[in-house]
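Welcome! Here are a few short exercises to work through with the structure open beside you. Try each task before reading its solution.

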Amino acid sequence: MESLDATAESPSPRTPYRPLAWLAVAGGLGVAADHALHSRLEASLFGVWWIGAVIALVCAVCAGRRGGDRAAAAALLVAAGWIGGAWHHACWNEFPAGDLGRFAREESAPACVVGVLADRVKVSPPGDRSPLRAMPAPLISETTLEVEQIRDGVGWRTAGGLTRLRVAGELRGVGTGDRVVVFAQLARPAPPLNPGEYDWAAHERRFRRNSELYCEHPRCVTVTSAAPRVGRDAPLAAVRDWCEQQLTANVPTRDAPLVLATLLGDQERLSESTKDAFLNTGAIHLLVVSGAHVALLAGMVWWIVQGVPLGNAARLGVMLATVAIYALVVGLQPSVTRATILTVMTVIALVSGRTPSLGNILGLAALAVLALNPSELFRAGTQFSFLAVAILFVLSRWEWRGEPRDPLRRMIVSYYSWPRRVVRRAGQAVVAMIVSSLVVGVAMAPLVAYHFHIVTPAGILLTPLAGPLIAVALGAGLGVVTIGWFVPPVAWGLGWVCGTSLHLAEWLVQFAAEIPGSFFYTAGFPGWWSLVFYGVAGLWIALPCWRPRWPVQTSAALVWVAIGYAAIGFGRVAPDTLRCTFLAMGHGTCTVLELPSGQTVLYDAGSLGSPEAATKSIAAFLWSRGINRIDAIVLSHADIDHYNALPGLLERFPIDVVYISPMMFDPVATGGDLTAPNYLRDCLVAAGIPLREVWMGDRLRTADADVTIEVHHPPREGLMARDNANSLLLAIEFDGRRILLPGDLESPGIEQVIADPALDCDILLAPHHGSPLSDPPGFAAWCTPEWVIFSGGERDRTMLSQQSYQHAGGVVRRTAVDGAISCIVRRQAALDVSTHRSQ
């Protein structure tokens with residue numbers, strides 16, 4: 001009995017030996033630590049990091065000589081962390097003394113620069129046409145310029161570094177290595193002006209670009225000397241050009257952009273609507289060149305070379321060479337680097353007769369990515385790539401594929417007829433793809449929601465449905481560029497298969513995007529919640545000996561999810577507090593009112609630029625505040641820059657009602673052009689949103705009895721003038737404080753308003769973005785504001801207006817300079833005004 005009891009006890013799980021994985025984790029923690037400290041400390045930590053690394057390495061050597069293996073391993077991990085911090089600090093902070101970014105300012109200025117093109121020219125199509133786009137978006141050519149000189153008066157100064165070069169129009173006749181003279185507008189990359197917005201300045205800095213050049217015409221770029229078509233990158237450039245020419249010539253014209261995007265990574269060729277459909281349905285990994293492409297290519301090449309009379313070593317060499325060339329041609333993005341290392345190391349392990357350690361190989365890939373660019377740790381694509389592979393590694397260890405464990409049953413299965421075996425294998429493959437897609441989708445949902453504020457149930461089924469089509473397209477595309485070039489009929493046939501497969505995949509994605517519930521937007525869990533969640537999950541995988549029982553694990557997971565939901569918007573609105581935030585929308589307006597009851601009211605929502613960009617800015621702020629619902633939107637008048645983000649907000653937030661001026665759809669007020677207003681009305685009707693007119697004397701209903709939102713203009717019959725003169729003038733009052741929101745109010749409407757008794761206010765949104773046509777002296781004298789907010793960036797045109805408000809005693813703030821401006825009114829407390837750039 002004693003022996004039976006002993007055998008009944010299951011041995012405790014043994015912690016796998018994955019030193020490279022632990023080194024990658026330690027290095028990543030060092031990178032993250034330096035990134036966090038950089039925003040808090042101005043002093044250089046480069047020497048501190050290296051001193052710490054040397055001390056840790058010395059401790060590791062001493063511990064190893066004394067037989068303290070665990071202490072030596074711990075010291076090595078500490079050293080890896082210090083080295084990671086030092087490497088990130090060097091890449092993030094160390095730039096040449098003459099870097100072009102040192103000459104750039106936030107406001108663009110003319111510049112003449114000489115440099116060498118360091119990347120191929122990428123051409124993006126014009127933005128999708130929309131009645132809500134005030135100015136048509138041009139075709140844009142984009143590349144990276146390695147700077148050599150900058151014009152200084154009549155002479156030249158030595159400069160250096162990398163800069164992004166953007167040209168309005170198609171830039172032809174230039175290539176990598178060409179030396180060019182550029183006449184452009186020079187500026188620093190724009191920092192985030194609103195809470196929650198993506199930090200493009202940090203994005204550019206990760207690629208060591210601290211400036212950007214914008215040319216209004218291709219003629220502003222002149223080639224002074226063409227690059228010799230020899231050198232390190234010339235063969236790869238030639239291979240890529242060859243592949244692009246062959247694919248473009250043989251695939252259907254309608255599918256060429258999709259083929260080049262999926263097979264060669266030219267996503268810039270796709271329209272915004274196509275990219276949004278893939279992103280919204282969770283199928284973006286099928287569109288971009290990812291690790292799956294490399295794995296599929298390796299499998300296809302290995303299957304093809306089996307029929308070639310070569311030895312195993314030669315076949316492996318062909319496969320590895322093909323994978324390496326493909327990775328270099330499409331570019332060493334993190335997902336491609338990771339997949340290439342996984343493929344190469346796995347093959348080497350199998351050839352040498354050893355079982356590959358997937359954890360070690362994934363750790364090696366992570367170390368390679370951090371070595372190339374440590375800032376990749378903070379990019380969403382890199383996080384998605386490594387997390388998805390780690391989940392698949394864990395999933396591969398579980399016996400869920402349906403293979404019988406009983407040896408007798410396996411023998412019976414082996415005697416099935418070949419059609420039955422094929423059907424059985426196909427069924428198992430489909431089940432495996434669905435299960436894998438489900439597990440990966442659920443596990444990655446918090447991270448996707450954190451970065452993109454979207455949940456994509458459709459992606460669970462789209463991956464197994466569209467994935468095989470991508471595989472067919474990749475195989476056909478490989479045939480086009482290898483054997484199709486000397487057999488034209490074969491090239492045409494394979495090109496048709498390639499294009500049609502991707503066309504079907506795109507149709508599936510577009511169809512899924514139209515199904516209600518295929519995706520939905522969310523504020524997402526806070527960053528600290530996701531960090532703890534995935535950190536604990538990583539320890540759960542890496543240290544099986546520490547795992548508690550399943551009931552404890554399940555309970556802890558449910559509690560943590562509940563904490564995450566409770567944390568969304570926690571403490572957003574304090575009792576007896578009204579928050580008014582003026583967002584930075586360029587030439588546009590959006591004011592967000594957060595009432596003490598928790599209700600959210602928007603006054604205007606638009607920008608003179610892209611409707612999509614305006615939507616993203618507003619939505620990013622609302623999600624950063626934990627807002628998932630908009631109780632009301634007030635549109636001041638019919639100018640596009642005050643409402644073109646509304647259709648996009650309809651897709652992202654439930655909206656209870658939209659209030660408009662009685663002249664919103666009047667042809668007199670709009671100059672006879674009702675295209676954009678009618679389009680907006682159609683969108684609201686289709687979404688079932690009530691549209692209500694309000695006029696002078698009306699009050700908006702709120703859940704707060706002590707908050708008053710009153711309309712002071714226009715009268716019910718409106719004015720026989722343009723829409724600006726009929727702008728809705730709102731007065732918000734709480735605890736004796738008053739906020740005035742006048743839209744683009746100007747003559748003759750502003751004279752009618754000033755003729756009424758004076759209305760003192762604490763906060764004023766400058767009428768018409770501070771335009772002199774809004775009678776700044778008269779309006780300032782009428783309302784005597786303490787704080788004046790200018791929503792717009794035209795400083796030169798508004799200097800006189802600013803002086804008028806300052807002369808009346810007002811403090812002026814500009815969203816274009818200060819970013820979002822928040823005004824907090826607390827009961828029986830001083831008015832609190834803060835800017836996003838000062839926080």
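**Exercise 1: a strand pair**

Task: Find how β11 and β23 pair, and over how many bridges.

Solution: Start with β11, residues 577–582, and then locate β23, residues 821–826. In this predicted model, the two strands pair in the antiparallel sense over 6 bridges. As a check on the register, look at Thr 577, which stands opposite Arg 826 in β23.

**Exercise 2: the whole sheet**

Task: Work out the strand order of the open sheet that has 8 strands, and explain why β16 and β24 each have one side without a neighbour in the sheet.

Solution: Reading across the sheet gives β16-β15-β14-β13-β12-β11-β23-β24, and the pairing is mixed. Now go to the edges: β16 (691–693) and β24 (832–835) each have a single partner strand, so one side of each is left without a neighbour in the sheet. Finally, consider the twist: ignoring direction, neighbouring strands are turned by 20 degrees against each other on average.

**Exercise 3: a helix and the core**

Task: Which strands does α21 lie across, and what does α21 give to the largest nonpolar core?

Solution: First place α21, residues 611–624, across β11, β12 (588–594) and β13 (600–607); the helix runs at about 155 degrees to β13. Next, turn to the largest nonpolar core, which has 52 residues. Its largest share, 6 residues, comes from α21. Among the residues touching the most other members are Leu 602, Ile 618 and Leu 622. Zoom in on Ile 618: leaving out residues up to four places away in sequence, its contacts include Leu 583, Cys 590, Leu 602 and Leu 649. A second, separate core has 50 residues, including Ala 277 and Met 300.

Terms used:
Residues numbered from 1 in each chain as written. Predicted model: local features only at pLDDT ≥ 70, side-chain atom pairs only at ≥ 80, totals over all residues. Heavy atoms only, no water. Pairing = 2+ DSSP bridges. Helix = DSSP H or I, 4+ residues; strand = E, 2+ residues; numbered from the N terminus. Axes fitted to C-alpha atoms, helices over the stretch in contact; angles between N-to-C directions. Contact = heavy atoms within 4.5 Å. Core = buried A, V, L, I, M, F, W, Y, C linked by side-chain atoms within 4.5 Å. Buried < 20%, exposed > 50% of the residue type's maximum accessible area, 1.4 Å probe, protein only.
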